[in-house]
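Visitor: Could you take me closely through a single part of this model, the place where protein and DNA meet? I would like to know what sits there and how each term is meant.

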Number of protein chains: 2
Amino acid sequence: MPDTPDMAFVAGAIADPTRGRMLMSLMRGQALTATELALDGGVTASTASSHLGRLMDAGLVSVTRQGRHRYFRIARPEVAEMLEGMANLASSSGSRITTGPRDPALRHARVCYDHLAGETAVRLLVRLREHELLIGDEDSLALSPRGETWAAALGIDLPALRTRRRILCRPCLDWSERRSHLAGSLGAAILERMVALRYVRRTSGRAIAFSENGARLIDRPDTFIRDKLVCRAV
Amino acid sequence: MPDTPDMAFVAGAIADPTRGRMLMSLMRGQALTATELALDGGVTASTASSHLGRLMDAGLVSVTRQGRHRYFRIARPEVAEMLEGMANLASSSGSRITTGPRDPALRHARVCYDHLAGETAVRLLVRLREHELLIGDEDSLALSPRGETWAAALGIDLPALRTRRRILCRPCLDWSERRSHLAGSLGAAILERMVALRYVRRTSGRAIAFSENGARLIDRPDTFIRDKLVCRAV
DNA sequence: ACCATGCTTCGGTTACCATCGAAGTATGCC
DNA sequence: GGCATACTTCGATGGTAACCGAAGCATGGT
């Protein structure tokens, strides 16, 4: 366990309502400009600039410059995971009222940093386990050999994922559904491939919409991919 | 993702060096009195009392009264996991110098909230995977059928563990070794059993010492348990 | 060159928080 | 009952941080 001063410093970066709102906006997985973050945070540009400096000092966000625009992102997946953990904790410490987004579209499907969240994401995990593409309990997941074939067929480079020091199959508690969906590097890769294949697209804001193929992949991940392979073989 | 004010409030509870030190002391897994925490935090009793109130308000610690003593603990395993994540993040954001405890005894074996940490804990995970008691990558673990038998033989009630909403096999980055050891409800249960069997005992502070049986369990988890079973069958 | 836009820096104001000593309350021991 | 210990509450003090408007700098468009 490392030094506490550093931990308090990192926690301090999160411990302000304005910076918290900024981080939540960034947790949608998209880069945002300083002006956008000022709006989301509800402060002026000068205040936002100061806050963004604090977040960068703490290593929570990184910046890319493009002309006069400054684009900010969550710095690393580990940051997103820690923020998820803290947000879940914060939520569960309070009342028992329904938590998570109120907007039905967001409850249905949204992005949680870099992977699918919402009802459809929970259902996808259920289906993957029913088809024995993922094995183990909901709290202890691993890809089966069949799952490896499935992921490769979807176009996911598993060896590349495994070179990264990041959990492959990480259950993430979906607070709106109070069940888990799939996070980790595999969860991120699945979303990435679905975007690339145009099986999903972002609607305004944070919700996600599925194409017909995307909906079928969610519902019948095994047979959907098998049908695709058969079509290619013919 | 829940509301940001709650997250900022929780982060704010951690965002003070004194409270950070208190939390780190509690991360050793033992209950501590207010006076002990005042000493560890380096403040007077009145300051400590105020800080402990803040930590309780945030749901990070809980208190048990026994006569005039107040015993504080980390409130829930989820809190410990979030603190681990944040501490690891804080450490990795900085320099590349060697992190983790300097004390060789602590590097060798210590408790990280409720499970074994240190060189021996990393070695145990390696051995469990070599013997195919745990399968999957270091970043994606699950118990094998052989592993289920092994855990039951050690005296671990797996069905009971599985009723809990908590990850069974969770890799936890051991910062002193920069490799993973086993956390999660199984990691906690293994330590609990080893304590009950007197295979390990706490030394002063945070380090842990192994009995001969404990050392053999770490080195040869499979054959050690098999030998034990054979002895019982004779 | 001029103007607009995005963003940063500066300086001032206000509110909040961490600290402690003193006093108070509850518990335990003799 | 008296004293010691553990801990909490109160009030005062000092320091820090969040906020903003104004000014300044860099980039882009005409």
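Guide: A polar side-chain atom of Thr47(B) lies 2.6 Å from a phosphate oxygen of DNA strand C, which is a polar contact, meaning a pair of N or O atoms within 3.5 Å. From the side chain of Arg19(B), an N or O atom is 3.0 Å from a phosphate oxygen of DNA strand C, while in the side chain of Arg68(B) such an atom is 3.3 Å from a base oxygen of that strand. Two or more residues each come to this surface from helix H3 (34-41), helix H4 (45-57) and strand S3 (69-74) of chain A, and from helix H2 (17-26) and helix H4 (45-57) of chain B; helices (H or I, at least four residues) and strands (E, at least two) are DSSP runs, numbered from the N terminus.

This is a predicted model, in which local features need pLDDT of at least 70 and side-chain atom pairs count only at pLDDT 80 or more, whereas totals for chains, interfaces and linings use all residues. Residues are numbered from 1 along each chain as its sequence is written, chains are lettered from A in the order in which they are written, and side-chain values use heavy atoms, without hydrogens and water.

Altogether 19 residues surround DNA strand C, and Thr35(A), Ser49(A), Arg70(A), Thr47(B) and His51(B) are the closest, where near means that a heavy atom lies within 4 Å. Of the DNA strand C atoms within 4 Å of the protein, 79% belong to sugar or phosphate, and the rest to bases.

Definitions and conventions:
Polar contact = N/O pair within 3.5 Å; in protein donor to acceptor, adjacent residues only side chain to side chain.
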